[in-house]
Amino acid sequence: MAAGGDVNGDGFADILVNTGSGSYLYLGGPRGPSTLPFNVSAPAGENNQFGGAVAGAGDIDGDGYDDVIVGSPYSNSYVGSAYLYMGTAKGPGPAIAVINAGVPDQLFGQTVY
């Protein structure tokens with residue numbers, strides 16, 4: 001679980017939760033977090049360890065919406081990856097950046113901050 005910042009720019013903090021097989025964002029509101037999570041979808045081809053680590057990334061592009069990063073340590077034969085999701089008024093958009101070290105068996109993305 002991690003603080004997601006304010007992904008949709010509504011002035012309320014959001015909460016990221018990982019399950020080891022997916023990631024979910026609960027949007028904050030005046031009465032607390034939403035009861036239905038926003039599914040932070042795994043990119044095509046990802047395996048069941050997508051979302052093993054989640055973190056708020058701040059406002060990477062300066063558009064007023066906080067962004068989130070999701071790790072996938074077992075992707076690409078254990079090279080691992082981290083995916084950046086940009087915040088929007090409706091919640092996180094699709095993954096726009098894939099980051100990995102390109103080194104086999106490194107489990108990149110096992111931890112993200």
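Which residue in β2 is the bridge partner of Ala2? In this predicted model, the partner is Leu16. That pair is a handy place to start a walk through the fold.

The Ala2 bridge belongs to the contact between β1 and β2, two strands that run antiparallel and are joined by three bridges. Step back a little and you will find β1 and β2 in an open sheet of four strands, ordered β1-β2-β3-β4 with antiparallel pairing. At its edges lie β1 and β4 (38-40), each of which pairs on one side only. Ignoring direction, neighbouring strands of this sheet are turned against each other by 35° on average.

Now follow the chain from β1 (2-5) towards β2 (14-18), and you pass through the loop that holds Gly11. Is Gly11 buried or exposed? Gly11 has a relative accessible area of 64%, and because exposed means over 50%, Gly11 counts as exposed. For a sense of distance, try Gly11 and Gly80: they sit 69 residues apart in sequence, and their C-alpha atoms are 33 Å apart in space.

Let's turn to the interior. Ala2 and Leu16, our opening pair, are both members of the largest nonpolar core, which has 11 residues. Also among them are Val7, Leu25, Val40, Phe50 and Val54, along with Val68, Val70, Tyr83 and Tyr85. Two elements, β6 (67-72) and β7 (81-88), give two or more residues to this core. A second core, separate from this one, has five residues, including Ala55, Ile69, Ala82 and Val112.

Technical notes:
Residues numbered from 1 in each chain as written. Predicted model: local features only at pLDDT ≥ 70, side-chain atom pairs only at ≥ 80, totals over all residues. Heavy atoms only, no water. Core = buried A, V, L, I, M, F, W, Y, C linked by side-chain atoms within 4.5 Å. Buried < 20%, exposed > 50% of the residue type's maximum accessible area, 1.4 Å probe, protein only. Pairing = 2+ DSSP bridges. Axes fitted to C-alpha atoms, helices over the stretch in contact; angles between N-to-C directions.
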